[in-house]
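Hi,

Here is the structure I promised to pass on to you. Have a look at it first, and then read on for what turned up in it.

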Amino acid sequence: MRAAARRREQEEDPESKPSRRKPERPIPADFAVTPAMRKWAADKGYDVDLDRETFRFINHAHQNDRRCRDWLAAWRNWIDKAQEQQARATRRPVAAFPARGTYDKSKVFGNRNRT
């Protein structure tokens with residue numbers, strides 16, 4: 001539920017307790033990669049381009065009018081997914097079956113003597 005909807009509910013029902021959760025906010029105007037963020041990525045062994053991914057992250061947040069309680073956690077999730085996508089893209093596809101005629105059928109299917 002978005003923050004505006006929660007505020008409306010509280011206005012309609014004055015006896016309801018306010019949420020203890022941090023409010024969702026738009027991405028800060030000065031959001032940038034810090035040395036601590038770079039260290040986090042290096043400690044995880046990530047090799048994605050942090051500046052490029054952060055640029056994409058900020059654009060995505062602006063484009064979708066995204067609101068978050070913890071922008072650093074959202075950024076870490078973004079970088080984690082970017083690393084997974086990069087790893088998936090660089091993996092060589094594995095053939096499900098060898099090319100036709102390049103394997104010994106008796107080793108694959110066993111010796112089946114059909115009479």
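Just after helix α3 comes D65, whose phi is positive, near 50°. This is a predicted model, in which local features need pLDDT of at least 70 and side-chain atom pairs count only at pLDDT 80 or more, while totals for chains, interfaces and linings use all residues. Residues are numbered from 1 along each chain as its sequence is written, and side-chain values use heavy atoms, with hydrogens and water left out.

Let's stay with α3. Its 14 residues (50–63) should span 20 Å at 1.5 Å a residue (the rule is 1.5 Å times one less than the number of residues), and the end C-alpha atoms are indeed 20 Å apart. At its start, a side-chain oxygen of D49 comes to within 3.3 Å of the backbone nitrogen of D51.

Which residues of α3 are buried? They are L50, E53, T54, F57 and A61, where buried means under 20% relative accessible area and exposed over 50%, with a 1.4 Å probe and protein chains only. Seen down the helix axis, these buried residues fall within an arc of 100° (taken from the directions from the axis to the C-beta atoms), so they line one face. Their cover includes α2 (35–43) and α4 (71–90). The face turned away from that buried side carries the exposed F55, H62 and Q63.

As for the whole protein chain, it has five helices and two strands, which are DSSP runs (helices H or I, at least four residues; strands E, at least two) numbered from the N terminus. Along the sequence they follow the pattern α-β-α-α-β-α-α. Of the chain's 115 residues, 18% are buried.

Happy exploring!

Methods
Contact means heavy atoms within 4.5 Å. A polar contact is a pair of N or O atoms within 3.5 Å; within protein, one must be able to donate a hydrogen and the other to accept it, and residues adjacent in sequence count only if both atoms are side-chain atoms.
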